[in-house]
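Visitor: Please show me how the features of a model such as this one are to be read. I should like the general idea first and then the case at hand.

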Amino acid sequence: MKRENLILLADAYKYAHHKFYYPGTTQIYSYLESRGGMFDETIFFGLQYFLKEYLQGPAFTQLDLDEAGGFLQQVFGSDDVFDKSKFQYILDKYNGHLPVKIKAVAEGTAVPTSNVLMTIDNTDPECYWLTNFLETLLMQVWYPCTVATLSNQIRKVVTQYYSETATEGAEAGIDFVLNDFGFRGVSSVESAKIGGAAHLINFSGSDNLAGSGMAIDYYDAQKVYGLSIPATEHSICTLLGRDGELEIFKHVLRSFPTGTIACVSDSFNIFKACREYWGGELKEEILNRQGTLVIRPDSGDPIMTLLEIFKILFETFDFTTNSKGYKVLPPQVRVIQGDGVNYAEIINIYNALKANGISAENLVFGMGGALLQKVDRDTRKFALKCSSVVINGQEVAVDKSPTEMDAQGNITPSFKKSKRGRLKLVKINGIFKTVNEQEHIELADELHTVFENGKLLNPITFEQVKANANHKA
C-alpha cells in the first residue's frame, strides 16, 4: 500500500510561505493551545501517533520529492511557488530527517484551557519555513485530544451520579459504563483508530477494535484495552419475524448460557419484549443464569423509553433499594442505551433516573457518532500560532491581537488573541500556567522534548497515558 507523501500533507497556500517570510528570517517558533469550548480543560493525547506515523526517521524520499514537484506545478500552474530545493536541502543534508524540535506536555495530562500544550521550532536556520509548514498535519492532534476530553468529561458525570445514587462498590463497573460504538460512524479507519484509542484512556468498553490496535502499535500498550461482550443486532432478532421474536430470545440466551450478553429488543415492541418475554416467559431462565442480560432499546425518546422500561422491569423482576434510597435491578438484568446518546443527553437521562428513584448502576451507554464524529477543531478551539521569530539575528516576540464587533456594534478583543514569545508550562501551587521561557526559572517546564531532528524522544506508553489521566491501566 502506498504510504502518504509528507511533502503533500499541507494546505496548498503554505508552499508560497518560504517567499513571504521576511528576508533574514532564520527561526519560526510556534505553539499549540486549546482556546476554549464546552469544558475548562483538555486531555492532551495523540501526538505520538502523528510523530511515529508521519514524521520520524526519513520523513520523505527523493521519489516523494519528485512526485510532489510535478503535482504542485499543476496545482499552481507555475514553477515559482513550490521551491523543490528547500526539501532537497533536507534530503541531502539530513537524509530526509526533519530539522525541527517539538516539546509537549505528557500525553494523558489534563491541562486547563488556554495553556500551551506543544511547541515546535526549526533547528536549522535554513529551514525556518518548515515549522509552520507542518501545522496542517500536527494540528490534527485536535481530534484525539477532543475525543479524549469528551470521554473524560463523561466519566466525571458518570462518577458523580454513581456517587449520588449507586450502591457502595458499584463504582468498580464505571470502566464499562460508556462504550465506543463509533467505528461505523466515523469518516475513516484512521479516525476510528485515533478516536477509539482516545476513548480507552477513560473507559474499557469498546466495540471499536481499531482503537485497541492503535494503542498497541503506537503506544506499546501491553494488552488489549477495549473490551466487549456477545451482542445481537436486528438482523438476528428479526430472523423469524414478529411471531418468532420470543424463540430468537430463547436462542440468544442458550447460545451463551453464562456471562454477560446484550440483546437489542425493540425490533417490534420493546415494552412487550420486556414485560412478556424477558420479564415473563424467560424470567426464571434469566434469574438462574450465571451472568447478566443487558436489554437494549434502540429507538424512541431515550428518557421516556428508559423510564417505561425500568418501570416494567422493576414490576417483573422486582428490585432492591440501596442504602442511598435508589432502586436496583437484580444483577442478572441491566439496560444499555445506545441510541441518541451524547454528553448532554447522558446528563438528562441520569437526572431523570435520579428523579424517579432509579440507581445509575442499572444503565450503561453506547455512544457512536457523538463520541467520535460530532466534534471538530472548534469544539475545543484549537490553534497553532507563531509566537517568536529570529530575523537577522534578533529574536522578536510576536502575537496577533484581533478585535471583533459584537451584535450590539461594540468592538471588543477577540478570543483569538495569541501568546507572545517562547513559552513554557509550569505548575504554580499545583495549577498549570503558561509563562514566558525566562519567567519562574525555579520551576520545571512541563513541556518535554518528544521529537528532535527526525527522532522520537521520550516515548510514552499507553499505560503511562492512562495513569496521567488518573485512570488505572
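**Strands, bridges and helix packing**

Guide: Let us begin with one pair: the bridge partner of Lys101 in β5 is Asp121. Helices (H or I, at least four residues) and strands (E, at least two) are DSSP runs, numbered from the N terminus. The model is predicted, so local features need pLDDT of at least 70 and side-chain atom pairs count only at pLDDT 80 or more, while totals for chains, interfaces and linings use all residues. Residues are numbered from 1 along each chain as its sequence is written, and side-chain values use heavy atoms, with hydrogens and water left out.

Visitor: In which sense do β3 and β5 pair, and over how many bridges?

Guide: Two strands pair if DSSP finds at least two bridges between them. Strand β3 (residues 100-105) pairs with β5 in the antiparallel sense, over five bridges.

Visitor: What is the order of the seven strands in the open sheet?

Guide: In a regular strand the side chains alternate between the two faces of the sheet. Here the order is β14-β13-β1-β5-β3-β19-β20, with antiparallel pairing. Because β14 and β20 (455-456) stand at the edges with a single partner strand each, one side of each has no neighbour in the sheet. At the β14 end, strand β13 (residues 382-391) and strand β14 (residues 394-397) run antiparallel and are joined by four bridges. Ser388 stands opposite Ala397 in β14. The two strands β13 and β14 form a hairpin with two residues between them, and Asn392 in the turn has a positive phi of about 50°.

Visitor: With which residue does Asp121 form a salt bridge?

Guide: Side chains of opposite charge can pair when their charged atoms come close. The criterion for a salt bridge is a side-chain nitrogen of Lys or Arg within 4 Å of a carboxyl oxygen of Asp or Glu. Asp121 forms one with Arg422, and the closest N and O atoms are 3.3 Å apart. Asp121 lies in strand β5 (residues 116-122) and Arg422 in the loop between β16 (411-413) and β17 (423-428), so the pair ties together parts 301 residues apart in sequence. A search of the whole structure finds 18 salt bridges.

Visitor: How is the sheet of five strands ordered?

Guide: The open sheet has the order β6-β12-β11-β8-β7, and the pairing is parallel. Its edge strands, β6 (178-180) and β7 (261-264), each pair on one side only. From one strand to the next the twist averages 30°; angles run from 0 to 180 degrees between N-to-C directions, and axes are lines fitted to C-alpha atoms, for helices over the stretch in contact. Four bridges join β7 to strand β8 (residues 293-296), and the two run parallel. Leu293 in β8 is the bridge partner of Ile261. Helix α12 (residues 270-281) packs on the sheet and touches β7 and β8 (contact means heavy atoms within 4.5 Å). The direction of α12 makes about 155° with that of β8. Helix α14 also packs on the sheet, touching β8, β11 (333-337) and β12 (363-367), and its direction makes about 175° with that of β11.

Visitor: At what angle do α14 and α15 pack?

Guide: Two packed helices are described by the angle between their axes and the distance between the axes. For helix α14 (residues 302-317) and helix α15 (residues 343-355), the angle is about 35° and the axes are 10 Å apart. Residues Pro302, Ile303, Leu306, Leu307 and Phe310 in α14 meet Glu345, Asn348, Ile349, Ala352 and Leu353 in α15.
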